[in-house]
Amino acid sequence: MTPVMVTTMVVCFALTVSVAVSIGLASVVGIQVSNANMLISVKEMFNAINKFPLAAIPFFILAGNLMETGGISRRLVDFAKSLVGGVQGGLPMTCVLTCMIFAAVSGSSVATTFAIGAILIPALIKHGYPTSYAAALQATSAELGVIIPPSIPMILYGVSAEVSIGELFIAGFGPGILISLALMAFVYVYCKFKGLGKNDGDGRLGVGVATWRAGWALLMPVIILGGIYGGIFTPTEASAVAVLYALIVGTLIYREIKLPQLYTVLRKSVISSSVIMFIIANAGLFAFLITRAGVPEAIGHWLEGVLRSPTMFLLGVNAALFVIGMFIETSAAIIVLAPILAPVALHFGVDPVHFGLIMVVNLALGMITPPFGVNLFAACTVARISLDRIVGHLVPFVLVILACLLVITYVPGISLGLRDLVYAK
(Lines give C-alpha, C1' and ligand atoms only; values in the text may rest on other atoms or scores of the structure.)
Protein backbone atom coordinates (compact mmCIF):
# COMPACT_ATOMS: atom_id res chain seq x y z
CA MET A 1 0.00 0.00 0.00
CA THR A 2 2.69 2.51 1.00
CA PRO A 3 4.71 2.35 -2.28
CA VAL A 4 1.49 2.90 -4.27
CA MET A 5 0.54 5.89 -2.09
CA VAL A 6 3.97 7.50 -2.36
CA THR A 7 4.12 6.90 -6.12
CA THR A 8 0.67 8.41 -6.62
CA MET A 9 1.60 11.45 -4.57
CA VAL A 10 4.87 12.02 -6.44
CA VAL A 11 3.13 11.68 -9.82
CA CYS A 12 0.50 14.21 -8.73
CA PHE A 13 3.22 16.62 -7.61
CA ALA A 14 4.94 16.22 -10.98
CA LEU A 15 1.65 17.06 -12.70
CA THR A 16 1.38 20.21 -10.52
CA VAL A 17 -1.73 18.95 -8.73
CA SER A 18 -2.22 20.88 -5.47
CA VAL A 19 -0.59 19.43 -2.36
CA ALA A 20 -3.87 18.78 -0.52
CA VAL A 21 -5.48 17.00 -3.48
CA SER A 22 -2.30 14.98 -4.14
CA ILE A 23 -2.16 13.74 -0.54
CA GLY A 24 -5.89 12.98 -0.47
CA LEU A 25 -5.84 11.14 -3.81
CA ALA A 26 -2.82 9.09 -2.77
CA SER A 27 -4.66 8.12 0.42
CA VAL A 28 -7.79 7.05 -1.46
CA VAL A 29 -5.71 4.96 -3.88
CA GLY A 30 -3.97 3.34 -0.90
CA ILE A 31 -7.33 2.43 0.66
CA GLN A 32 -8.50 0.91 -2.61
CA VAL A 33 -5.33 -1.13 -3.04
CA SER A 34 -5.58 -2.52 0.50
CA ASN A 35 -9.28 -3.37 0.00
CA ALA A 36 -10.19 -1.40 3.13
CA ASN A 37 -13.57 0.24 3.70
CA MET A 38 -13.75 3.66 2.06
CA LEU A 39 -15.60 4.98 5.10
CA ILE A 40 -12.19 5.11 6.75
CA SER A 41 -11.38 8.15 4.64
CA VAL A 42 -14.38 10.13 5.90
CA LYS A 43 -13.81 9.10 9.51
CA GLU A 44 -10.09 9.94 9.59
CA MET A 45 -10.46 13.21 7.69
CA PHE A 46 -13.06 14.31 10.23
CA ASN A 47 -10.90 13.16 13.14
CA ALA A 48 -7.95 15.13 11.77
CA ILE A 49 -9.80 18.45 12.05
CA ASN A 50 -12.00 17.59 15.04
CA LYS A 51 -9.46 18.96 17.53
CA PHE A 52 -10.05 21.97 19.75
CA PRO A 53 -6.60 23.60 19.32
CA LEU A 54 -7.19 23.81 15.54
CA ALA A 55 -9.99 26.31 16.19
CA ALA A 56 -7.21 28.85 16.77
CA ILE A 57 -6.22 28.80 13.09
CA PRO A 58 -9.24 30.60 11.57
CA PHE A 59 -9.33 33.05 14.48
CA PHE A 60 -5.66 34.05 14.14
CA ILE A 61 -6.08 34.42 10.37
CA LEU A 62 -9.13 36.64 10.92
CA ALA A 63 -7.26 38.67 13.56
CA GLY A 64 -4.40 39.29 11.09
CA ASN A 65 -6.80 40.45 8.37
CA LEU A 66 -8.60 42.75 10.82
CA MET A 67 -5.24 44.24 11.86
CA GLU A 68 -4.39 44.94 8.23
CA THR A 69 -7.74 46.60 7.46
CA GLY A 70 -8.08 48.40 10.79
CA GLY A 71 -4.89 50.46 10.60
CA ILE A 72 -3.03 48.48 13.27
CA SER A 73 -0.35 47.37 10.78
CA ARG A 74 0.41 50.94 9.66
CA ARG A 75 0.83 52.16 13.24
CA LEU A 76 3.14 49.27 14.05
CA VAL A 77 5.30 50.26 11.05
CA ASP A 78 5.50 53.86 12.29
CA PHE A 79 6.46 52.65 15.76
CA ALA A 80 9.19 50.31 14.46
CA LYS A 81 10.54 53.05 12.19
CA SER A 82 10.76 55.44 15.13
CA LEU A 83 13.03 52.95 16.91
CA VAL A 84 15.43 51.87 14.16
CA GLY A 85 14.60 54.05 11.15
CA GLY A 86 17.11 56.79 11.97
CA VAL A 87 20.24 54.85 10.94
CA GLN A 88 21.47 53.96 7.47
CA GLY A 89 19.50 50.88 6.45
CA GLY A 90 16.86 51.74 9.01
CA LEU A 91 13.94 51.08 6.67
CA PRO A 92 14.86 47.42 5.98
CA MET A 93 15.45 47.03 9.72
CA THR A 94 11.99 48.52 10.27
CA CYS A 95 10.58 45.82 7.99
CA VAL A 96 12.14 43.06 10.11
CA LEU A 97 11.12 44.62 13.44
CA THR A 98 7.54 45.29 12.31
CA CYS A 99 7.12 41.71 11.08
CA MET A 100 8.41 40.54 14.45
CA ILE A 101 5.80 42.59 16.33
CA PHE A 102 2.99 41.75 13.90
CA ALA A 103 3.87 38.06 14.18
CA ALA A 104 3.13 38.22 17.90
CA VAL A 105 -0.57 38.29 17.01
CA SER A 106 -1.17 37.04 13.45
CA GLY A 107 0.44 33.57 13.56
CA SER A 108 0.62 33.52 9.74
CA SER A 109 3.54 34.45 7.49
CA VAL A 110 1.35 35.06 4.44
CA ALA A 111 -0.89 37.45 6.40
CA THR A 112 2.25 39.23 7.61
CA THR A 113 3.56 39.50 4.03
CA PHE A 114 0.42 41.17 2.73
CA ALA A 115 -0.27 43.35 5.78
CA ILE A 116 3.24 44.75 6.22
CA GLY A 117 4.43 44.40 2.61
CA ALA A 118 1.60 46.59 1.31
CA ILE A 119 3.07 49.42 3.40
CA LEU A 120 6.82 48.81 3.40
CA ILE A 121 7.56 47.50 -0.08
CA PRO A 122 6.40 50.77 -1.74
CA ALA A 123 8.28 52.74 0.98
CA LEU A 124 11.50 50.80 0.34
CA ILE A 125 11.21 51.36 -3.42
CA LYS A 126 10.55 55.08 -2.84
CA HIS A 127 13.77 55.33 -0.80
CA GLY A 128 15.84 53.88 -3.64
CA TYR A 129 15.97 50.19 -2.80
CA PRO A 130 15.64 47.81 -5.78
CA THR A 131 12.15 46.36 -6.11
CA SER A 132 13.54 42.82 -6.11
CA TYR A 133 15.44 43.52 -2.86
CA ALA A 134 12.34 44.95 -1.19
CA ALA A 135 10.26 41.91 -2.14
CA ALA A 136 12.94 39.43 -1.02
CA LEU A 137 13.37 41.25 2.31
CA GLN A 138 9.62 41.31 2.99
CA ALA A 139 9.16 37.63 2.12
CA THR A 140 12.03 36.66 4.42
CA SER A 141 11.00 38.91 7.32
CA ALA A 142 7.43 37.60 7.16
CA GLU A 143 8.77 34.13 7.94
CA LEU A 144 8.88 35.37 11.54
CA GLY A 145 5.09 35.08 11.45
CA VAL A 146 5.36 31.32 12.05
CA ILE A 147 8.33 31.44 14.45
CA ILE A 148 7.34 34.20 16.87
CA PRO A 149 4.34 32.90 18.86
CA PRO A 150 1.47 32.50 18.39
CA SER A 151 2.19 30.32 15.36
CA ILE A 152 -0.15 28.18 13.28
CA PRO A 153 2.59 25.60 12.40
CA MET A 154 3.41 25.29 16.12
CA ILE A 155 -0.24 24.55 16.84
CA LEU A 156 -0.20 21.87 14.14
CA TYR A 157 3.01 20.34 15.50
CA GLY A 158 1.62 20.35 19.03
CA VAL A 159 -1.55 18.56 17.90
CA SER A 160 0.31 16.06 15.67
CA ALA A 161 3.12 15.21 18.11
CA GLU A 162 1.01 15.60 21.27
CA VAL A 163 3.25 18.33 22.69
CA SER A 164 2.15 21.28 24.85
CA ILE A 165 1.30 24.22 22.58
CA GLY A 166 1.98 26.64 25.43
CA GLU A 167 5.53 25.29 25.79
CA LEU A 168 6.07 25.50 22.03
CA PHE A 169 4.91 29.12 22.04
CA ILE A 170 7.24 30.21 24.86
CA ALA A 171 10.12 28.29 23.24
CA GLY A 172 9.58 30.19 19.97
CA PHE A 173 10.73 33.53 21.38
CA GLY A 174 14.43 32.64 21.50
CA PRO A 175 14.71 31.46 17.87
CA GLY A 176 12.45 34.29 16.68
CA ILE A 177 14.55 36.98 18.36
CA LEU A 178 17.80 35.35 17.14
CA ILE A 179 16.61 35.35 13.52
CA SER A 180 15.29 38.93 13.82
CA LEU A 181 18.60 40.23 15.18
CA ALA A 182 20.58 38.32 12.54
CA LEU A 183 18.45 39.74 9.72
CA MET A 184 18.70 43.29 11.07
CA ALA A 185 22.47 42.99 11.42
CA PHE A 186 22.75 41.64 7.88
CA VAL A 187 20.63 44.38 6.25
CA TYR A 188 22.56 47.05 8.20
CA VAL A 189 25.93 45.74 6.93
CA TYR A 190 24.50 45.25 3.41
CA CYS A 191 23.20 48.84 3.23
CA LYS A 192 26.52 50.20 4.52
CA PHE A 193 28.40 48.18 1.88
CA LYS A 194 26.05 49.12 -0.98
CA GLY A 195 25.55 52.73 0.10
CA LEU A 196 21.78 52.34 0.36
CA GLY A 197 19.36 53.86 2.84
CA LYS A 198 21.14 57.11 3.65
CA ASN A 199 17.79 58.93 3.76
CA ASP A 200 15.79 56.27 5.57
CA GLY A 201 15.04 58.63 8.44
CA ASP A 202 12.93 60.96 6.28
CA GLY A 203 9.37 61.26 7.59
CA ARG A 204 10.21 59.39 10.78
CA LEU A 205 8.08 60.14 13.83
CA GLY A 206 9.55 60.66 17.27
CA VAL A 207 9.54 57.62 19.54
CA GLY A 208 7.08 59.23 21.95
CA VAL A 209 4.61 60.26 19.25
CA ALA A 210 4.82 56.92 17.43
CA THR A 211 4.37 55.01 20.68
CA TRP A 212 1.33 57.10 21.62
CA ARG A 213 -0.30 56.59 18.22
CA ALA A 214 0.45 52.85 18.24
CA GLY A 215 -0.49 52.36 21.88
CA TRP A 216 -3.62 50.30 21.25
CA ALA A 217 -1.82 48.27 18.58
CA LEU A 218 1.14 47.55 20.89
CA LEU A 219 -1.20 46.53 23.69
CA MET A 220 -2.59 43.72 21.55
CA PRO A 221 0.37 41.27 21.77
CA VAL A 222 0.74 42.13 25.46
CA ILE A 223 -2.86 41.09 26.15
CA ILE A 224 -2.70 37.97 23.97
CA LEU A 225 0.66 36.62 25.14
CA GLY A 226 0.22 37.86 28.71
CA GLY A 227 -3.15 36.12 28.89
CA ILE A 228 -1.69 32.83 27.64
CA TYR A 229 1.29 32.73 30.00
CA GLY A 230 -0.64 34.28 32.86
CA GLY A 231 -3.04 31.34 32.75
CA ILE A 232 -6.04 33.54 31.96
CA PHE A 233 -6.90 31.75 28.72
CA THR A 234 -5.57 28.97 26.49
CA PRO A 235 -3.84 29.62 23.14
CA THR A 236 -7.09 28.67 21.39
CA GLU A 237 -9.13 31.08 23.49
CA ALA A 238 -6.45 33.72 22.92
CA SER A 239 -7.14 33.59 19.18
CA ALA A 240 -10.77 34.57 19.80
CA VAL A 241 -9.64 37.37 22.14
CA ALA A 242 -7.30 38.62 19.39
CA VAL A 243 -10.21 38.82 16.94
CA LEU A 244 -12.41 40.70 19.42
CA TYR A 245 -9.64 43.14 20.31
CA ALA A 246 -8.70 43.82 16.66
CA LEU A 247 -12.37 44.35 15.80
CA ILE A 248 -12.96 46.81 18.67
CA VAL A 249 -9.76 48.78 17.98
CA GLY A 250 -10.34 48.86 14.20
CA THR A 251 -14.01 49.87 14.35
CA LEU A 252 -14.45 51.92 17.54
CA ILE A 253 -11.03 53.41 18.33
CA TYR A 254 -9.19 53.85 15.01
CA ARG A 255 -12.50 53.80 13.09
CA GLU A 256 -10.86 52.52 9.89
CA ILE A 257 -12.98 49.37 9.48
CA LYS A 258 -16.33 50.17 7.90
CA LEU A 259 -19.28 47.78 7.91
CA PRO A 260 -19.04 46.91 4.16
CA GLN A 261 -15.35 46.01 4.63
CA LEU A 262 -16.20 43.32 7.18
CA TYR A 263 -17.66 41.11 4.47
CA THR A 264 -14.42 41.26 2.47
CA VAL A 265 -12.32 40.56 5.57
CA LEU A 266 -14.50 37.61 6.62
CA ARG A 267 -14.57 36.19 3.09
CA LYS A 268 -10.77 36.33 2.76
CA SER A 269 -10.34 34.74 6.20
CA VAL A 270 -12.80 31.93 5.44
CA ILE A 271 -11.04 31.08 2.17
CA SER A 272 -7.59 31.03 3.83
CA SER A 273 -8.86 28.92 6.74
CA SER A 274 -10.62 26.48 4.42
CA VAL A 275 -7.45 25.89 2.42
CA ILE A 276 -5.47 25.05 5.58
CA MET A 277 -8.23 22.84 7.01
CA PHE A 278 -8.53 20.95 3.73
CA ILE A 279 -4.79 20.26 3.82
CA ILE A 280 -5.03 19.13 7.45
CA ALA A 281 -7.92 16.74 6.70
CA ASN A 282 -6.14 15.06 3.79
CA ALA A 283 -2.78 14.97 5.56
CA GLY A 284 -4.48 13.43 8.61
CA LEU A 285 -5.84 10.58 6.50
CA PHE A 286 -2.43 10.06 4.87
CA ALA A 287 -0.67 10.03 8.27
CA PHE A 288 -3.20 7.50 9.62
CA LEU A 289 -2.62 5.11 6.72
CA ILE A 290 1.18 5.23 6.79
CA THR A 291 1.15 4.82 10.58
CA ARG A 292 -1.15 1.81 10.23
CA ALA A 293 1.28 0.39 7.66
CA GLY A 294 4.16 0.67 10.16
CA VAL A 295 6.12 3.30 8.21
CA PRO A 296 7.08 5.46 11.22
CA GLU A 297 8.58 2.47 13.04
CA ALA A 298 10.45 1.38 9.92
CA ILE A 299 11.86 4.87 9.35
CA GLY A 300 12.77 5.10 13.02
CA HIS A 301 14.73 1.84 12.95
CA TRP A 302 16.44 2.86 9.71
CA LEU A 303 17.47 6.24 11.09
CA GLU A 304 18.77 4.61 14.26
CA GLY A 305 20.95 2.34 12.15
CA VAL A 306 22.26 5.01 9.78
CA LEU A 307 22.46 8.06 12.03
CA ARG A 308 23.97 6.70 15.22
CA SER A 309 24.33 9.93 17.19
CA PRO A 310 21.99 12.84 18.04
CA THR A 311 24.33 15.22 16.17
CA MET A 312 24.15 13.21 12.94
CA PHE A 313 20.42 12.63 13.37
CA LEU A 314 19.68 16.36 13.64
CA LEU A 315 21.97 17.14 10.70
CA GLY A 316 20.30 14.48 8.51
CA VAL A 317 16.79 15.56 9.51
CA ASN A 318 17.59 19.21 8.81
CA ALA A 319 18.91 18.37 5.34
CA ALA A 320 15.81 16.27 4.57
CA LEU A 321 13.37 18.87 5.93
CA PHE A 322 15.03 21.65 3.92
CA VAL A 323 14.46 19.74 0.67
CA ILE A 324 10.95 18.64 1.66
CA GLY A 325 10.02 22.22 2.60
CA MET A 326 10.86 23.40 -0.90
CA PHE A 327 8.16 21.20 -2.42
CA ILE A 328 5.51 20.58 0.25
CA GLU A 329 3.46 23.21 2.06
CA THR A 330 4.58 23.75 5.67
CA SER A 331 1.30 22.73 7.35
CA ALA A 332 1.03 19.50 5.35
CA ALA A 333 4.69 18.61 5.96
CA ILE A 334 4.35 19.08 9.72
CA ILE A 335 1.15 17.04 9.99
CA VAL A 336 2.63 14.15 7.99
CA LEU A 337 6.18 14.17 9.38
CA ALA A 338 5.77 15.20 13.04
CA PRO A 339 4.17 11.88 14.16
CA ILE A 340 6.98 10.03 12.35
CA LEU A 341 10.03 12.03 13.40
CA ALA A 342 9.13 13.26 16.91
CA PRO A 343 9.31 9.75 18.50
CA VAL A 344 12.65 9.11 16.79
CA ALA A 345 13.99 12.45 18.06
CA LEU A 346 12.88 11.51 21.56
CA HIS A 347 14.76 8.20 21.21
CA PHE A 348 17.94 10.18 20.47
CA GLY A 349 17.34 12.29 23.58
CA VAL A 350 16.11 15.41 21.75
CA ASP A 351 13.45 17.34 23.68
CA PRO A 352 10.18 17.22 21.66
CA VAL A 353 9.66 20.98 22.15
CA HIS A 354 13.18 21.71 20.88
CA PHE A 355 12.62 19.36 17.93
CA GLY A 356 9.34 21.14 17.18
CA LEU A 357 11.15 24.46 16.89
CA ILE A 358 13.74 22.86 14.60
CA MET A 359 10.95 21.54 12.35
CA VAL A 360 9.04 24.83 12.27
CA VAL A 361 12.10 27.00 11.56
CA ASN A 362 13.39 24.60 8.89
CA LEU A 363 10.09 24.09 7.10
CA ALA A 364 9.41 27.82 7.29
CA LEU A 365 12.38 28.21 4.96
CA GLY A 366 10.20 26.50 2.37
CA MET A 367 8.05 29.63 2.40
CA ILE A 368 10.92 31.63 0.90
CA THR A 369 12.53 29.04 -1.37
CA PRO A 370 11.40 28.27 -4.94
CA PRO A 371 9.50 26.65 -6.48
CA PHE A 372 6.55 26.73 -4.03
CA GLY A 373 7.46 29.48 -1.56
CA VAL A 374 4.13 31.03 -0.59
CA ASN A 375 5.77 34.14 0.88
CA LEU A 376 7.60 34.71 -2.40
CA PHE A 377 4.37 34.65 -4.38
CA ALA A 378 2.71 36.99 -1.89
CA ALA A 379 5.64 39.45 -1.91
CA CYS A 380 5.87 39.35 -5.73
CA THR A 381 2.15 40.06 -5.91
CA VAL A 382 2.53 43.14 -3.71
CA ALA A 383 5.68 44.32 -5.53
CA ARG A 384 4.24 43.42 -8.96
CA ILE A 385 7.33 41.61 -10.19
CA SER A 386 8.05 38.07 -11.39
CA LEU A 387 9.53 35.45 -9.09
CA ASP A 388 12.76 35.00 -11.05
CA ARG A 389 13.76 38.63 -10.41
CA ILE A 390 14.09 38.24 -6.64
CA VAL A 391 16.10 35.02 -6.46
CA GLY A 392 19.47 36.82 -6.55
CA HIS A 393 18.62 38.97 -3.53
CA LEU A 394 16.97 36.03 -1.79
CA VAL A 395 20.04 33.77 -1.53
CA PRO A 396 21.88 35.80 1.18
CA PHE A 397 18.71 35.93 3.32
CA VAL A 398 18.30 32.16 3.07
CA LEU A 399 21.94 31.67 4.10
CA VAL A 400 21.46 33.92 7.15
CA ILE A 401 18.44 31.89 8.31
CA LEU A 402 20.26 28.60 7.63
CA ALA A 403 23.08 29.79 9.88
CA CYS A 404 20.52 30.64 12.58
CA LEU A 405 18.90 27.22 12.10
CA LEU A 406 22.22 25.48 12.83
CA VAL A 407 22.63 27.53 16.00
CA ILE A 408 19.06 26.76 17.09
CA THR A 409 19.61 23.06 16.36
CA TYR A 410 22.83 22.59 18.32
CA VAL A 411 22.23 25.12 21.13
CA PRO A 412 19.00 23.85 22.73
CA GLY A 413 19.10 26.57 25.38
CA ILE A 414 17.98 29.15 22.81
CA SER A 415 14.65 27.35 22.55
CA LEU A 416 14.39 25.71 25.97
CA GLY A 417 15.90 28.34 28.29
CA LEU A 418 12.76 30.45 28.56
CA ARG A 419 10.53 27.36 28.47
CA ASP A 420 12.34 25.84 31.43
CA LEU A 421 12.10 29.14 33.31
CA VAL A 422 8.35 29.56 32.77
CA TYR A 423 7.37 25.89 32.96
CA ALA A 424 9.69 24.96 35.82
CA LYS A 425 9.27 21.28 36.54
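Start by selecting R75 and Y254: R75 lies over the face of the Y254 ring, 3.6 Å from the ring centre. Keep in mind throughout that this is a predicted model.

**Aromatic pairs**

Next, show the rings. The whole structure holds 7 aromatic pairs. Select Y133 and F397 to see one of them, a tilted pair with 5.9 Å from centre to centre and 40° between the planes. Y133 belongs to helix α8 (residues 131–141) and F397 to helix α21 (residues 391–410), so this contact ties together parts that are 264 residues apart in sequence. Turn on the surface for these two. Y133 has a relative accessible area of 1% and is buried; F397 is buried too, with a relative accessible area of 1%.

Now move to F313 and F355. Their ring centres are 6.1 Å apart and the planes meet at 25°, so the pair is stacked. This pair also links distant parts of the chain, with F313 in helix α17 and F355 in helix α19 (residues 352–364), 42 residues apart. Helix α17 itself covers residues 310–327. Are these two rings buried or exposed? F313 has 0% relative accessibility and therefore counts as buried, since the cut-off is under 20%. F355, at 0% relative accessibility, is buried as well.

While F313 is selected, add F46 and draw the C-alpha to C-alpha distance. The two residues are 34 Å apart in space and 267 residues apart in sequence.

Return to Y133 and F397 and extend the selection with Y129, F186 and Y190. Together these five residues, Y129, Y133, F186, Y190 and F397, form one aromatic cluster.

**Backbone stops**

Go to P149 and P150 and display the backbone atoms. The peptide bond joining P149 and P150 is cis, with omega at about -5°. P150 sits in the loop between α8 and α9 (152–161).

Then select R255, in the loop between α14 (235–253) and α15 (259–292). What is the sign of phi at R255? Phi is positive, about 55°, although R255 is not a glycine. The relative accessible area of R255 is 59%, so the residue counts as exposed.

The last stop is R384, in the loop between α20 (374–383) and α21. Here phi is positive at about 60°, and R384 is not a glycine either. With a relative accessible area of 77%, R384 is exposed. Helix α21, at one end of this loop, is the helix that holds F397.

Note on methods: Residues are numbered from 1 along each chain as its sequence is written. This is a predicted model: local features need pLDDT of at least 70, side-chain atom pairs count only at pLDDT 80 or more; totals for chains, interfaces and linings use all residues. Side-chain values use heavy atoms; hydrogens and water are left out. Helices (H or I, at least four residues) and strands (E, at least two) are DSSP runs, numbered from the N terminus. Buried means under 20% relative accessible area, exposed over 50%, partly exposed in between (1.4 Å probe, protein chains only). Rings of Phe, Tyr and Trp (its six-membered ring) pair if their centres lie within 6.5 Å; planes under 30 degrees apart count as stacked, over 60 as edge-to-face and the rest as tilted. A charge sits over a ring if NZ of Lys or CZ of Arg is within 6 Å of the ring centre and within 35 degrees of the ring normal.
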